[in-house]
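Good morning, and thank you for coming. Please look at the sequence and the structure on the screen while I go through them.

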Amino acid sequence: MRAYVLKHYGGPEGSLLMDVPAPAPRPRDILVEVRAAGLNPVDFKFRQGKLRAILRPKLPLVLGNELAGEVIAVGSHVKRFRVGDRVFARVAKDRAGAFAEQACVDEDDAAHMPRNLDFAAAAAVPLAGLTALQALRDELRVEPGQKVFISGGAGGVGTFAIQIAKWLGAHVTTTASKRGEALVRSLGCDEVIDYTIQDISSEEGRFDAGFDLIGGKTLEQMFEIMKPGTRIVSVAAVPEPQTAIRDLGGRRALAVVYQIASSTRRRQLSISFHACKRQRTR
C-alpha cells in the first residue's frame, strides 16, 4: 500500500510517499481502509522532531494522527465493530499511521461515524474535538450556569470548544476578529470580544473557567479575568509537571524539565490568584 513515511526528523526531505507492507491487525485492532485523514500542527511538529522529548517511536514510521474510513477486517477480540462499519479515529500517539491507504486502530481509539458526516468532515473531528472535550469536561469540569472564557474560538479546537461548553450548560465568551464573529455566534457563543480592538483584561473577575488556545499575552491576561480559585487549561503554554506524570507514562525526568520550563508561568498564576483574593477581601 501507499503511505506517507517519516524516515528521519527534519525538513520535508525526511518524509516521502512510498510503498510499504499493509498492516496486520492485532487482536484488539480494526483494520481501516482510509478514506480521509486530518492534518494538524502536531503532524509537522512531529516530523520536525519537536516532540522527541515526549514521543520517540521507532523510525521509519507512517505519519498521521486522525482518520476516517471503512472497516475491512477486525481482530479476534474486537467487540464493537464489524466489517463495513464507517468509523473515525484519533490513533494512539505512539502509533500514528493515518497517512496511508490502510491503518490499524485499537478499537478503543475509534468510534462509529455519525450518519450525517462524510469522510472528509469526519476525519477533521477526532483530534480537535477530543482536545476540547477533555479540557472542558475532564479538566475544567464545566457545570451548568458557569461562565467560561475561550480564547481563539474561531479556530479548529475553538469551534468544538464553544459547542461543547454550551452543551455542558455554560455561558460562553470568546475572542474573535470581526470576520470570525458570525461563525462563533452561529455555534452558540453568548459574547464575543474583538481582540483587534478590545482588551480582555477589562473583564476582570468574571469567569469560572478558562480555556486558552492562543498563549502569550492572551494567556497572561486570562489570569486577570478569572474568579479566585478557578482553573485555566492551555494548549499553547509549556506543560506543567503533572502532564509528564499523568499523561506521558510517569516520566519523572520529563516532569522535572516541565517544572523548570513552566516555573515562570506557574509563579505568575500564583501571584494573580493572590492579587484577586486580596481585592475580593477589601
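Is serine 186 buried or exposed? Please keep in mind that we are looking at a predicted model. Serine 186 has a relative accessible area of 57%. Because the threshold for an exposed residue is over 50%, serine 186 is classed as exposed.

Let us place this residue in its surroundings. Serine 186 belongs to helix H5, which covers residues 178-186. Its side chain reaches the backbone oxygen of leucine 183 at a distance of 2.5 Å. Glutamine 163 is 23 residues away from serine 186 in sequence, and the two C-alpha atoms are 9.8 Å apart in space.

I now turn to the strands that helix H5 connects. Strand E10, residues 171-176, and strand E11, residues 191-194, run parallel and are joined by four bridges. Within this pair, threonine 174 stands opposite valine 192 of E11. From E10 the chain passes through H5 to E11, forming a β-α-β crossover that is right-handed.

How are the five strands of the open sheet ordered? The order is E11-E10-E9-E12-E13, and the pairing is parallel. E11 and strand E13, residues 226-234, stand at the edges; each has a single partner strand, so one side of each is left without a neighbour in the sheet. From one strand to the next, the twist averages 20°.

Further along the sheet, strand E9, residues 147-150, pairs with strand E12, residues 207-212, in the parallel sense over three bridges. Here valine 148 has alanine 209 in E12 as its bridge partner. Helix H6, residues 216-225, lies across E9, E12 and E13, and runs at about 155° to E13.

Finally, I come to the nonpolar cores. As a general background, nonpolar side chains in soluble globular proteins tend to be buried together. In this model, the largest nonpolar core has 23 residues, and those touching the most other members are Leu136, Leu140, Val142, Val148, Ile150, Val172 and Phe211. At least two residues of this core come from each of helix H3 (126-139), E9, helix H4 (156-167), E10 and E12.

Which residues does valine 172 touch, leaving aside those up to four places away in sequence? Among them are Val148, Ile150, Ile162 and Ala165, and also Cys189, Asp190 and Glu191. Another core, of 22 residues, lies apart from the largest one and includes Leu55, Leu61, Leu63 and Val78.

Definitions and conventions:
Residues are numbered from 1 along each chain as its sequence is written. This is a predicted model: local features need pLDDT of at least 70, side-chain atom pairs count only at pLDDT 80 or more; totals for chains, interfaces and linings use all residues. Side-chain values use heavy atoms; hydrogens and water are left out. Buried means under 20% relative accessible area, exposed over 50%, partly exposed in between (1.4 Å probe, protein chains only). A polar contact is a pair of N or O atoms within 3.5 Å; within protein, one must be able to donate a hydrogen and the other to accept it, and residues adjacent in sequence count only if both atoms are side-chain atoms. Two strands pair if DSSP finds at least two bridges between them. A crossover is right-handed if, with the strands pointing away from the viewer, the path from the first strand over the helix to the second runs clockwise. Axes are lines fitted to C-alpha atoms, for helices over the stretch in contact, and angles run from 0 to 180 degrees between N-to-C directions. Contact means heavy atoms within 4.5 Å. A nonpolar core is a set of buried Ala, Val, Leu, Ile, Met, Phe, Trp, Tyr and Cys residues joined through side-chain atoms within 4.5 Å.
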